[in-house]
Every structure is written in structure tokens, then in C-alpha cells.
Amino acid sequence: MSTPAPAPARRPLASYVVGRSGLRRPGPDAWRTAGITVLCVLVAMGLAALLVTISGGSPVEVVDALFTGSVSDTAGWSQTLVNAAPLLLVALGACIANRAGVFNIGQEGQLLIGAMVGCFVALRLQGPGWIVVTVALVAAAFGGGAWSGISAAMYYTRGTNVVVSTLLLTFIAAQVVQFAVNSPSLLQESGMGSGPARPQSDAVPEYLRLASFGQYPDLTIGVGVIVAVVATVVLAVLLARSRWGFRLNMLGLNPMAARHAGIRASRLGGSALVLSGAFAGLAGGVILLGTVFRLQPAISNNFGWDGLLVALVARSRPGLALPVAVLFGALRSGSSYLAATGVPDYLVDVVQALLVLAFVVPPVLSALWARRIRNRAPVADTPARPSAAAPAKEEVPV
Amino acid sequence: MWLDDGGTVLASALRLTAPLAFAACGEYLAERAGTLNISVEGMMLSGAFGAVAVGSATGSPTVGLFAGAVVGLLVALVHANLSHRIQINTFVVGLVINTLVLGLTSFLLQTMEFSRTQVGMLRIPGLAEIPLLGVLFEQRWPFYLLLLVVPLTWFLVNRTRWGLELRAVGENPQAADVSGIKVNVRRRQALMWCGLMSGLGGAFLSVGLVGSFNSNMTAGRGFIVIAAVIFGAWRLKGTLLGCFLFGAADALRLALPSLGVELNPQLLVAAPYLLALAVMVLMAKSQREPRALSKPFERGLV
Amino acid sequence: MSHDRARTDGPVPALELRGVSKRYGPVVACDAVDLTVQRGEVHGLLGENGAGKSTLMKVLMGLVHADAGEIHRDGARVQVHTPLEAAELGLGMVHQHFSLIEPLTVWENVALGEPGRIDREAICADVEAVGARYGLAIDPTATVERLSAGERQRVEVIKALRRDPKVLILDEPTSVLTIAESAALFEVLRTAVAAEGRGVILISHKLAEITAATDVVSVLRRGRLAFHCRTADTSAPELARQMVGRDVSLRSEGAALGLVVTDDPAKHLTPVLAGGLDAVPAEPPAPEAPADVPGTAALALHGLCVAGPDGRTLLDSLDLEVATGEIVALYGVEGNGQATLGDLLSGLMAPDAGEVRVDGRPVSLDRPGALHEAGVGVIPEDRHRSGVVLDMSVADNLVMTDLRRFSGRLLMRRAQIRAQAEELVERFAIRTPSIDAPLRTLSGGNQQRVVLARELSAEPTVLVAAQPTHGLDVGAIEDMYARLREAAASGVAVLLISTELEEVMALASRIAVISSGRITGILDVADASPQRLGMLVGGEAA
């Protein structure tokens, strides 16, 4: 028999995140996916509007405020880009790890460690500004990479779950940073004579801060943005065209076949995990030297978590991560304008989470649908009726 | 003197253990069925919020407590359907749910007014007088629900057919499927139990211990619960021991300044995570972990 | 259960299927199949891979829902929606791949899939009682992962028999059993059928097993019932013809159908029951010294030892040599170390001890890809597991083991990849809509050709083919045989790892038998008879 019964697709983790190569050219599946996505985004927006309304706000005002704060003028755009850069860097790292089939969710911690190491270098290293800045950023990347490297080492020597170890290490990272900024011998500020030293580091001197081009209120573009965009282009090309990218994909989609083809998972997958941590660490360095200028326990400000969400929405494609990061950056900068409308800025977190769902659910749903059409009768339990599955998304306890 | 201090620390440790223990009963059961549920944090947080919201609206913290459990269940329903019905990666779902719940509860907290609402103490006369251990018998009453929930969880997993099927599903879903067990139904049900218990744990935290809700009040306790299950090597006894250890570490951190003892507070906060990581590394080859943990099941997939 | 139904002599069949149809999209898996099973008879169900046997049984067990057709039990029409309902109707099944949960105990496994409360004592007593009745002794409190393949099969059978099924379905039950174990299993079946009036459906793709162990036989071909007859009134060649749907040249295709073809015309068509009911041969096999291959062995395995994660020995100082241009078969019952050896030669694991030499040079087994570079091509046992990446394109799959050849310092050379892919698709007659199509969209036979094309395109010194015909239809099997012979003729040393007696007898010039991870003997094909191989498989002539 040359036509076997179509078995339900085997879908390793990576394919959930990367998407299937078959979707590259828009076929009926792609159109269906796009359709469902539009629908889901509309539902997400509807839910957000509902939330605004029950909190006594006006959805129109909220949209207006978000818009004003983010993209209505050059100042807004500047802020949006400042927010987007670290999100994008974190997302790029997540793309690499996801492609390799190792799911790193500890970017928040890796970012913190990166910021800490970068801060240490910036405050202790003497030398010409540009050299210190470069070394500090590289050190930040090393810091983040080392932190995710712990998970990589645990995974490839002992087989411990990467998701769990990166998650747990995030909380340890937070305490490491706490310790650093509470220890005068490490990074705690020397104190300006007035009052007790607070749990934060000294400010990075003026000449070590990342340059930005343009002058307020014109559009300003920081070095962080440029680094992130260049990294995106390079990574997009490498993932799509290079031998390294080919091997990463192979490892993520079928580790056994990859090994048969001569790929050492511990080396390639481990380096992917380290690299993803390094990108998060670099993001930490960019935040430190670009916007916050001193190490604080809250310096990560959820950039790690949100960057990971950006990668999920972008389905691990750097090219898509760029616009998504800008969108999430715009939501962030817009949120500071929400206060005037009386709607809590936490709305933005809700919207982001709903957006992620709206982009993650449709491809899966669409594949399920396609299979159902192919084998008309449902297999006993597994596939849900699409009509039953879609509302599941809305059962969010509001 | 040390006895008093000891009693105080122990009392505080017990209070901090209880929310963990409730949620751990749920997480333990879910993991035995093969779901490494990272949204337990979101379930606890939503339970804590739901309890205060309903408790304050109805004026009855008891109603609030159970409402909190139900809210946890609703969150579990979302997670279960997304990950074990339409088969989205369970970690992605968990991540999003945690973000969503954190955002939503913080948002609602700022748009609503809640009155204080707290359940009463239950002091068992006589026993509460015992030095040191007396604190066991002077707790907010839902604390004693643990006496019901823990044995019940153990019984469900180890003595019922449902539990046998859960374990089968967590170890080898393909074989369970051909034996006629509805794998994804069982996994969804296990998550329901996890949601119920986590909601209860979160509710105990808010209407039991604190009496109000504040933003992100679970503060990573859900992740400590995951650490506890790993620490306990997927056995209930070990899991509960882990909860107590981690609760005690938390209590010590709070008590140290007043006791005048020098111990690094950051180390104590990080202790649960460090211990869990250490156990993961040491126990990696012991094969106690359910073999299909966090592996999705679809029929026809080998 | 309608026990009290009149048992008239005009026998009401225990089980009757009428017009059962099931389609998966455009593919018709079962097309109006009728099947009747009487009490006290063993009904053989024969068919190629993909002929619809499994689908039909899944319909019976409630794992798949038929699009049309009726099921009758003892004359009454019934509906089967779930395995639970099937069990209540007295249908029991022993699955091809075990449905046991390894970390659970025997009694827990036996209890799985039933309704109602769990009574440990009663179930343990039951296990022992059923075991005693059929001679299937097993400790109910043992953990399944500690049991051997044969013992696990026992648990499966006990699990099915404990529910007192009126119709027992066995799906390829002997694939993991040794001769002695198979014989014992058929003994149990005889008891269950003759003394207790149960009906049995025996599913197999082995002609030999069907002709020896069944009373009635039905043949499925492309989803349709092609043939039905009393076993005594038919012959193996007839069944073979019905299975494939045309006359078969037994010389070239016999092996693909499970027939041993010998040069003796008198024995020409003798089907051999691997482990038949009375298969113990009179002559003990002569102890064989491993054949001396001159020092030019293209592939030499020396003292390979591998222990599993639980400490069980998987390979036990295994020695084997394959010379240039020769096909050597490694034959044995599934689960005796073949999978481990296949993984080892695919570079998926390193041995605890021993070495692999290719062309006399030792290969470092710790480094993935080292074997491939040394000139070892592998067609893996489970191509989906380690042979291909289903979500990558046909072209990508065709070049993935030789990336250096198709890339510059950094970037892949797309044009060169496409050229190579076009050429291989042409040369190996791979049917694909385009070289950019995801491999997932190809049929099993064409996926296997992609693997073969890729591995041969590297011009290997050695080709390891592990179960290369598993899951393929007869056409694809013949094609695979031809290509393996061709490879050997062109000077490649071929190691064929197979559990199919007929396959190894047809292809190999020498047959090494593996049992419990050891080579128990090596025979020239001229000296090999099913009986002698059978003894070696049982590990008796070590």
C-alpha cells in the first residue's frame, strides 16, 4: 500500500514553537490559521475592552492613551524603541533555544545576572569609556550565559528538566542580586552621607552610559536599539541559511536523527541554551547602561518574561520578533499614559497575555481542524470539537 | 526563653507551610498524572484573590475560602483544555496563565474595594497548652482541613482505580490508552484537583492568614510548591516534608532579626530553590519521576 | 452478556462483523468487511501491512469508530464505543506492543482498564488462579519492568483471559517470543479454544503461523475481505496469492510473504512455523565456530558490551564480522539486543566496552557522526525516531548527514542541495510532490527510500539495515531487497538486522543468531534450517 492511513502528526515541542516548515508557503492551512488568529485577536481585544468597561473606564480613551504614549509622536516612538530593544534581545535568545528544542523560561533571572555582572564591570573597570562599555556589555552577556549554562550543564550531565531548572534559577538569581546590592563589599551604594545606604548600586558614571542619536523631542535611537536590530538581522539570516541554523532546527525537531547526523546535542543544544541566556544577559546590560544606570533588584521589570512572550508570539522567528517586540514595547510605553484615564496600567499585562494566547492557539487549533476534516469521525477523546475548544480560551475568570 | 521563641517560630512555620501543603497535594497529583503544572502559581494567586473578593462581597470568609478553591478550579479548567484538549505545550500555557492571572488580579484589585475578611481561629483546649507543640492546636480553622485533604489525596492516588489510572497515564500514556483509559480526560481531571487544591491554598493565604489581598501576594509560592514535589521525589510524604522545610525557612527569615541571629536572609529565601535543584541533580537517575511527565499525549503518536 | 441465549446447533457465531467500513479521509482502511468467528475455533486474519487488520480490530475494541457496518455478538447486534464496552461484551485483546505500564505491578496492570473498585487481594488471587489454569505462572506483586519479554506476554494474556472473554484477539503475538515461548502460547490458546469454547482471532502477517495454528483463515487486501476458507482446504501459496492479489514469484518474493524458499523443489513451498506447535527438531544443531572471515572484514565488532540504565545486560561481548560485498544477517527474536546494536551503529550511544572497526580501523564511538564518517550507512529500525526529520523537507532530509559537503564556511549551498536532491529522487524513484515537500507527507515506503538514498549516496563501506522492511507493503519490500542485493553486489558490506526468518534466509549469505545480547551461533545459509536457527534463537546452543 502506498498510501498509509494518515497518522496524527507527531509534534515535538520545537514544532509547537517553531511552526511547521509546511506552513512556509500559504496553503489552505495557513489561511485558516490566519483567519482564526484574526478572530482570536478580536476576542482578546473584546475581553480587554470588557475589562476596561467594568473598571469604569472607556475603551476609546484607553486606546487613545496607549496610542498617545507610544507612537503618536517622536518622543513616544523613542520610548517605545527603548522598551522594545531589551524585549527583542531576550526574544532573540528565546528563538535560539526554542529552535534547538530546549525551552528556556528563565530569561528574567539571566537578565538580572547579566545586569549585575555588567554593573560590576562598569563600576570597577577603569579605562576609556567605549572600551569599558563594550567590556561591560560582553560581561553582561557572559553573566546571563553562565547562568543558563548552569541549567545546560544540569540537563546534559544529569538529564534534569530545563524548564524547571531555568525557572528555579530565576528566583535564585533574584536573591543573588539582592545579596549583591545589600553587601557594601559588593555593589551596595557607597551612600551620599544622607541616610542609610539603600539596596541598590552606585550610579554608572555619565561617560559609561550608552549613547543615543537624536535629541528629545526628536526621535532618539539608542545604541541598544541598534544592537538589537543588527542582531535580529544577523540571527534571521543565520537561522534560515546557515549550517548552524540547519543543525539547530534538526536538533529541535528530531534529536535522535540529529545525533545520527553527527550532532552532539550537549554541545549544540547546550550552546543554544547558553546563547539564549547570553542574549538575556545582554538585554540586562543594555537596560543598565541605557536607561536605569544603577543595579536595583527590580531592574529586570519583567523584561525577561515579556521577551519570552514576544518569542512565543513570533513563533521563534527573529524576523517576526522585531515587530512583535515593537508592539509590546509600545504597550509598555503607552501604559504610563493610562493613569489619566483611571484605568490601572496592569491592563497592559492582561492584554499582552491575551495576545499571546491569541497567537499561540490558532495554529494548533487549525491543525486539529485540518485533521478532523481529514478523518471525519473523531478519534475517541483526543481531538476536541473546535467549537468546544474555542470557548475554552474565554473561560478566563473575569 | 528558647522554648517561647521556638514556639513562635514553629507557629509561624506551620502557618507558612499550610498554603504550600494544600497546593502541593494538587501539584503532586497532577504530576503523577504527567502534567508538570507551572501555573500552580497562577492558580494560587487567583484563589487568593477570589477568596477575598467573594469573602468581602458576601461578608463570609468561609464562603470566600471555598470560592477561592473554585476560582482555582476555573483556572485549571482553562489550563486543562488548552494543554490536554487542544494540545498546546503545557509550559507555554502555564507561563501565559501566570502572566494573565497576575495582571488580572492586580488590575481588579485597583478597580475594586475590598473589606477585611478573615476566618476565625480554632483553639483546641488542653492540647493547645502543650509547650512548643501547642501551636499545632491553635490555628485558623481551615488549617485543619489539611487533616482531610492530605490523606484524601494519598488515598485517591494510591488506593482508588482513578488513582491507578492517573499513575498509568503519567507513566505510559500509550499503553494506558490501549487499555481503555481516556488519557487526556484523566490528565484534565488531575489538573482540576490541582486547581482546587491550589485555589484552596491561595485562599488560605489570603482569608486565612492575612485577611486581605495584595498584588502578587503569593510571591512565587507556587514555584516553591513545584520545588517541594521535586524535593519529595514524587512521593506525598516527601513533598509535605519539603513544604514544611520551605515554610520553616520562610519563618526563620522573618524571625531572625527579632531573635538577633545573623543568617543571610537571601540564602533562606533561595533555600527552597537551591534544595530542589540539588535534589534534581542527585536524584536524576533514580527514576522516581513519572516517565511521561510533561510529555503530551496524542493518539497514534509513538 | 447474553449467556442464556439458546445454543442451538445451527451455530450462532460468537462474533460476526457485517459490512464494517472505515475510511481516513481519502484512504479506505476497511471496506465492507464481513467476518465470522465461531466458538471453539481459531480464526486467522492474514494481510499485508496496511491491509486493514489493525483498523478492523480497533473497531472491534472500540478504539476506532466504524463509518458503517454492524457487529453481532452471539447473534445480537451490539455497539462498541470504548474498550470498556468491548470488555463487557466479552471481547479481549492481546496487543502487539504491550499495553503494560512498566513501573506498576503485575496485579495493577491486570486491573487496569476495568470498571469498579479495586480489590487487591481478589485480583492477586485471580492472577494466580488464571495462571495455574493455563500454566502461566507469574508473581502478581512483581513489578513489570523486572519481567522478561515472555513473562510480560504472559501478563498480557492473563489480563485478557481473566475477564473471561468469549472472543480473544491476538495481534501479532509471537513477534517478541522465542520458539519455546511461542509454542507455549499456542498451547494456551488451544486450551482456551477447545476446552472452554472461546473464539480466537489470530492476526498475523506470517503465513507459516496462520497455516499451522488456525482452523479458518480470512485474508484482507487493501481493506477488503479477499479470501475466506478453512485452513485445511488451502495452501500457503494460495494464501500468498490472495494476500498480494496476484501470482507471486516465490523465488523472489517468497521471503516478503513469510515463506522460506529453499533450493529443494520438494520443500519449495514449505511454510515454516517459527516456533510451531511441535517444532522441536530432532537434530541438535552442530556447535558452530564463528566463520573465519579473512582479515579484510569491512565491519568488525569486537566484544561489544552495553548495560541498560537499570543495569540489565543489553549486549554481552558481541563479536561479528562482515566482509566486503557480503550480506550478513543478524537474526533473533525482537528484544534481544538488536535495537541496542542498531542504536550503537547509528551513533546514538556508546558501548561500555568493545570496539567497532571499519576497514580495520577502530572508530571512536563517543563522537556522534564518527561512524558515518568512517563509512557506515544506517537504515534505522524506526526511521521516524532517528532516520528522518518529518517536519523538514525531502531535500533537507536527503542531505542532512553530509552537511559539510553542502555548505560553505557558514552558509548552506541551496543550489547544490537541490541538485543533489533532484538527482536522488530520480535515481531512487522517490515519489514526492516536490523536493520541498515536508517529509511527513510521503508514504512510508518513500520515506524509507529517502533514508536509503541518503545513506547510499555517501558511498558507504558498510550498510547496516535494521528491520528495513518493517511496516512496508510487498512492493516496497521487494524494492528494498533488490536495493540491498545491489548494494552488496557493488561491494558494500551489508549487515541486515532482522527478526524475519524468511527475510534473512532469502537475503543473507551468513546468518548470525542473537539471543540475550550474545551471538549464539553463525551459520552459512546453506547449513541453516529454521529448526537449527530456532534452537540458536532460544539460546540453547551457545
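Contacts in chain A of this predicted model are dominated by long sequence separations. Among those between residues at least 6 apart in sequence, 75% join residues at least 24 apart. Chain A holds 15 helices and 2 strands. Of its 398 residues, 56% are buried.

Confidence in chain A averages a pLDDT of 85, and 86% of the residues score at least 70. Two stretches of chain A fall under 50. One covers residues 1–25, for which the model has 65 contacts beyond four places in sequence. The other covers residues 377–398, with 44 contacts beyond near neighbours in sequence. Where pLDDT is low, predicted coordinates should not be read in detail. The contacts of residues 1–25 and of residues 377–398 are therefore reported as counts, without detailed reading of the coordinates.

Chain C is divided into two domains. Domain 1 spans residues 15–248, whereas domain 2 is assembled from residues 321–388 and 448–537. Taken over C-alpha atoms, the centres of the two domains of chain C are 31 Å apart. Contact between them involves 10 residues of domain 1 and 10 residues of domain 2. On the domain 1 side, 5 of these residues are nonpolar, 4 are polar and 1 is charged.

One residue of chain C was examined individually. C:I179 lies in helix α6 of chain C, which covers residues 179–195. C:I179 has 25 other C-beta atoms within 10 Å. The cut-off for burial is 20 or more, so C:I179 counts as buried. C:I179 and C:Q531 are 352 residues apart in sequence. In space, their C-alpha atoms are 9.5 Å apart.

Chain C also contains an open sheet of 4 strands. The strand order is β2-β1-β4-β5, and the pairing is antiparallel. Strands β2 (27–37) and β5 (76–78) of chain C stand at the edges. Each has a single partner strand, so one side of each is left without a neighbour in the sheet. From one strand to the next, the twist averages 30°.

The pairings of this sheet can be followed from the β2 edge. Strand β1 (residues 15–24) of chain C is joined to β2(C) by 7 bridges, and the two run antiparallel. Here C:Y24 has C:V27 of β2(C) as its bridge partner. In the interior of the order, β1(C) and β4(C) pair in the antiparallel sense over 5 bridges. Within that pairing, C:L17 stands opposite C:I71 in β4(C). Strand β4 (residues 68–73) of chain C then connects to β5(C) through 3 bridges, again antiparallel. Across this pairing, C:H72 stands opposite C:R77 in β5(C).

Chain C also meets chain B. The contact brings together 18 residues of chain C and 14 residues of chain B. On the chain C side, the elements that give two or more residues are α2 (83–88) and α3 (106–111). The chain C residues of this interface divide into 11 nonpolar, 4 polar and 3 charged.

Methods
Residues are numbered from 1 along each chain as its sequence is written. Chains are lettered from A and ligands numbered from 1 in the order in which they are written. This is a predicted model: local features need pLDDT of at least 70, side-chain atom pairs count only at pLDDT 80 or more; totals for chains, interfaces and linings use all residues. Two residues are in contact if their C-beta atoms, placed from the backbone, lie within 7 Å. Ala, Val, Leu, Ile, Met, Phe, Trp, Tyr, Cys and Pro count as nonpolar, Asp, Glu, Lys and Arg as charged, and the others, Gly among them, as polar. A residue is buried if 20 or more other C-beta atoms lie within 10 Å of its own, exposed if 12 or fewer, and partly exposed in between; C-beta atoms are placed from the backbone. Two strands pair if DSSP finds at least two bridges between them. Axes are lines fitted to C-alpha atoms, for helices over the stretch in contact, and angles run from 0 to 180 degrees between N-to-C directions. pLDDT is the predictor's confidence in each residue, from 0 to 100. Domain bounds come from an automatic or database domain assignment.
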